[in-house]
Amino acid sequence: MNAGAYGSDWSEILVRALVVDERGAGWLKPADLGLSYRHSELEGGQIVARVEFRLERRDPDEIKAKVAELQALRKAAQPTNKRTFGSVFKNPEHELSAGRMLEGCGLKGHRIGGAQISPRHANFIENADGARAADAIGLMAEARRRAREEYGVELEHEVQFLGPLRLPAL
């Protein structure tokens, strides 16, 4: 996927990526990777082993200040001191973000088994007490169902499943 935050993503500074699969390894440029919001055209079994970025030289104090600002924003809005698997759903083409939508559905703190939708940010699922994958998937399914009922929006997960795990159809 093409990870990003606060208005930018990796595709903006990526020069090339070394992609490895069962056929071997090769360098791909951003256009070859098909990068867009939370998406790439990489296929199952392809692994990014190395990347080259285009960076700009900046004053170290300016960089430290920017990193501190972004960390403070993240800490204020997200459950950074909890065990989560990151942002769960992509932001839809809607006036509300996925987190605001799920908050509007009353899901903050909603729990299935050991997993709960974060009381701090509704687009994060926390391992509150020995959560299992089935608990998190159950919460994701409930969140998608409620967002569809309340807002008519079908949320798309950005969490990548490995193995036989899948979300049930709506």
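Read along the sequence, the protein follows the pattern β-β-β-β-α-β-α-β-α-β-β-β-α, which amounts to four helices and nine strands. The model is a predicted one, and the description that follows concerns the arrangement of these elements within it. Taken along the principal axes, the box filled by the C-alpha atoms is roughly 45 × 45 × 35 Å. The protein exposes about 11,100 Å², of which carbon and sulfur atoms supply 49%, and 27% of its 170 residues count as buried. Among the contacts between residues at least 6 apart in sequence, 58% join residues that are at least 24 apart.

One open sheet is formed by three strands in the order 4-3-5, with antiparallel pairing. Its edges are occupied by strand 4 (24-28) and strand 5 (47-53), each of which pairs on one side only. On average, and with direction ignored, neighbouring strands of this sheet are turned by 15 degrees against each other. Within the sheet, strand 3 (residues 14-21) and strand 4 are paired in the antiparallel sense over five bridges, and the hairpin that joins strand 3 to strand 4 passes through two residues. Two of the facing positions can be named: D21 stands opposite G24 in strand 4, while the bridge partner of L18 in strand 4 is W27. In a regular strand the side chains alternate between the two faces of the sheet.

Helix 2 (residues 60-77) comprises 18 residues and reaches 26 Å from its first C-alpha to its last, close to the 26 Å expected at 1.5 Å a residue. The N-terminal end of helix 2 is capped by D59, a side-chain oxygen of which lies 3.1 Å from the backbone nitrogen of D61. D61 itself lies in helix 2 and, because its relative accessibility of 53% is over the 50% cut-off, it counts as exposed. The C-alpha atom of D61 is separated by 31 Å from that of R83, the two residues being 22 residues apart along the chain.

A further open sheet consists of four strands in the order 6-9-8-7, again described by antiparallel pairing. Strand 6 (84-87) and strand 7 (111-112) stand at the edges of this sheet with a single partner strand each, so one side of each is left without a neighbour in the sheet. Strand 8 and strand 9 run antiparallel and are joined by three bridges; in this region I117 stands opposite I125 in strand 9.

The loop between strand 8 (115-117) and strand 9 (124-127) contains S118. Because its relative accessibility is 0%, below the 20% cut-off, S118 counts as buried. A polar atom of the side chain of S118 lies 3.3 Å from the backbone nitrogen of H121. When residues up to four places away in sequence are not counted, S118 touches P79, K108, G109, F124 and E126.

Helix 4 (residues 133-151) lies across strand 6, strand 7, strand 8 and strand 9, and runs at about 30 degrees to strand 8. At 1.5 Å a residue, its 19 residues should span 27 Å, and the end C-alpha atoms are 27 Å apart, so the span agrees with the expected value. An α-helix has 3.6 residues a turn, so residues three or four places apart point the same way. The buried residues of helix 4 are D135, A136, I137, L139, M140, E142, A143, R144 and A147. These buried residues pack against strand 6, strand 7, strand 8 and strand 9, and also against helix 3 (98-104). Helix 4 is followed by G152, for which phi is positive, near 70 degrees.

Conventions. Residues are numbered from 1 along each chain as its sequence is written. This is a predicted model: local features need pLDDT of at least 70, side-chain atom pairs count only at pLDDT 80 or more; totals for chains, interfaces and linings use all residues. Side-chain values use heavy atoms; hydrogens and water are left out. Two strands pair if DSSP finds at least two bridges between them. Axes are lines fitted to C-alpha atoms, for helices over the stretch in contact, and angles run from 0 to 180 degrees between N-to-C directions. The expected span of a helix is 1.5 Å times one less than its number of residues. A polar contact is a pair of N or O atoms within 3.5 Å; within protein, one must be able to donate a hydrogen and the other to accept it, and residues adjacent in sequence count only if both atoms are side-chain atoms. Buried means under 20% relative accessible area, exposed over 50%, partly exposed in between (1.4 Å probe, protein chains only). Contact means heavy atoms within 4.5 Å. Accessible areas come from the Shrake-Rupley method with a 1.4 Å probe; for residues, only the protein chains shown count as cover.
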